[in-house]
Amino acid sequence: MTVAAELERALRPIVRGELPVRLTGWDGSTAGPLDAPHVVLRGPEALRAMLWSPGELGAAQAYVTGALDVEGDLDAALRHVWTVVAERELTGIRPSIATYARLLRVAVKLGAFGRRPAPPVTQAHVKGRLHSALRDRAAISHHYDLSNDFYALILDPAMAYSCAYFTRNAPGAPRDPAYGIAEAQLDKLDLVCNKIGLGRPGMTMLDVGCGWGSLSLHAAQHYDAKVVGITISREQKAFIDKRIAERGLGDRVEIRLQDYREITGEQFDAVASLEMGEHVGEKNYAVYAKALYDNAAPGARVLVQQMSRSGPHPGGGPFIESFIAPDMTMRPVGETVGYLERAGLEVRDVHALREHYVWTVEEWLKTFESHFDEVVDMVGMEMARVWRLYLVGGGLSFRQGRMGVDQILSVKPAADDELSWPAVRRDNIGVGAA
């Protein structure tokens, strides 16, 4: 019997029916529906990886190394598989011992049984106590220090690596060809700056986890704020320092190579942290929330933009946790609001942006694919495949609502006799007028 036929017979009890994909084995044999996405196993090592790490991780390891390939549109293929999983109620179903034994017998017969394969070179290897300063630096470096030139091939010119805010070109609306990801990211930066009340002369702002400086530079250049940004990525600091010099903002922006736990004795008129809180961990989130509170002046607005997630994988799932963002933790937005409130902040508004992340990732993926050959030349084919899977899978998570993203706006209470927030709501996002 052929490779594809053997695998189809062994997998039928697990997938509760016919294969959700058209499968081609390394012997050239095929099985499964002709109109389904086409999955190709290049060699027995693909099956070996999935036997040692059943589910998402093994499949991802096989894909990034090229042992498993998906011909055609990867996004469409993953959407189809997720649809079948939902229809057949396969989520959380584990093969019985008897079924797994049959799979092992098939693997032995096909020459795919053997020692656990070494993890792909692109898989993260971080050591030390969870969320110690040293381990956090290693986890951040794994993802963000890939190279500034690499991220420039994916992101907009401002290098904003967080959810954009699309005020035009939403699905169903007339399209403006002059409006794209760059404009949507600028709209997000303006949204943040307005929410935290920038614009008054002499205001100071703290940017916690400043990335490549898009918000820090924008706040200084367009809102005349004096900004301190912190990052633990040396690559990011070097990038921002160069832009500060190019734009003549040395007297208005200071970027520190500093952990959020190391900021002491300072208070700012406004505080923002865009998609950094996911990296601090569950045990440390109260410390992070307290740092935001402690570094805000009385009456200062504090904005946290953060991804949310429910379910069994707060880190995003085995692939994300192993290849992209080790030690990341997400939670339902209500739980994050609770942390901020317990730190002493008064939450004033929660603005859901999930659909905007769908559109953001779509734009990043288009840019990535248009530069795919350059990406391969820069970081190698394996890392390029990691990022293709990351962008496609991330976009699908937001589209299906398995992940969300929210801007949580709060204020540090001022003295009892001071009004720290506008009493009249002037728009539909709870910002009011400064």
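1. Start with a crossover. Strand β6, helix α10 (residues 234–247) and strand β7 form a right-handed β-α-β unit. The model is predicted, and every point below should be read with that in mind.

2. The two strands of that unit are also paired. β6 and β7 (residues 253–257) run parallel and are joined by 5 bridges. One facing pair is isoleucine 230 and arginine 256, the latter in β7.

3. Now look at the other partner of β6. Strand β5 (residues 204–208) pairs with β6 in the parallel sense, over 5 bridges. Here leucine 206 faces valine 228 of β6. Helix α9 (residues 214–223) takes part in a second crossover: β5, α9 and β6 make a right-handed β-α-β unit.

4. Is β6 enclosed or open to the outside? Of its 6 residues (226–231), 5 are buried, so the strand is largely enclosed by the rest of the structure. Its pairings with β5 and with β7 are worth tracing on the display.

5. Next, the nonpolar interior. The largest nonpolar core holds 99 residues. Ile196, Leu198, Phe319, Trp364 and Trp387 have the most contacts inside that core. Helix α16 (residues 381–399) is its biggest contributor, giving 9 residues. There is also a second, separate core of 26 residues. Val208, Ala291, Ala296 and Ala343 are among its members.

6. Leucine 198 deserves a closer look. Setting aside residues up to four places away in sequence, leucine 198 touches Cys193, Met203, Met205, Ala219, Tyr223, Ala225 and Ala270. Of these, Met205 can be found on β5, which covers residues 204–208. Ala219 and Tyr223 can be found on α9, residues 214–223.

7. Turn to threonine 360. This residue sits in helix α14 (residues 354–370). Its relative accessibility is 0%, so threonine 360 counts as buried. What lies 3.0 Å from a polar atom of its side chain? The backbone nitrogen of alanine 164 does. Beyond neighbours within four places in sequence, threonine 360 is in contact with Ser162, Cys163, Ala164, Phe166, Ile181 and Gln185.

8. Isoleucine 14 is another residue to check. Its place is in helix α1 (residues 3–15). Isoleucine 14 counts as partly exposed because its relative accessibility is 25%. Its C-alpha atom is separated by 8.0 Å from that of arginine 94, although the two residues are 80 apart along the chain. Leaving out neighbours within four places in sequence, isoleucine 14 contacts Leu90, Pro95, Thr99 and Leu103.

9. Finally, the whole chain. The secondary structure comes to 16 helices and 11 strands. The C-alpha trace spans about 80 × 50 × 40 Å along its principal axes. For 434 residues, a compact globule would have a radius of gyration near 22 Å; the chain has 24 Å, which agrees. Buried residues make up 55% of the 434. Among contacts with a separation of 6 or more, 71% come from residues 24 or more positions apart.

Notes:
Residues numbered from 1 in each chain as written. Predicted model: local features only at pLDDT ≥ 70, side-chain atom pairs only at ≥ 80, totals over all residues. Heavy atoms only, no water. Buried < 20%, exposed > 50% of the residue type's maximum accessible area, 1.4 Å probe, protein only. Helix = DSSP H or I, 4+ residues; strand = E, 2+ residues; numbered from the N terminus. Pairing = 2+ DSSP bridges. Right-handed = clockwise from strand over helix to strand, strands pointing away. Polar contact = N/O pair within 3.5 Å; in protein donor to acceptor, adjacent residues only side chain to side chain. Contact = heavy atoms within 4.5 Å. Core = buried A, V, L, I, M, F, W, Y, C linked by side-chain atoms within 4.5 Å. Rg over C-alpha atoms; globule rule 2.2 N^0.38 Å.
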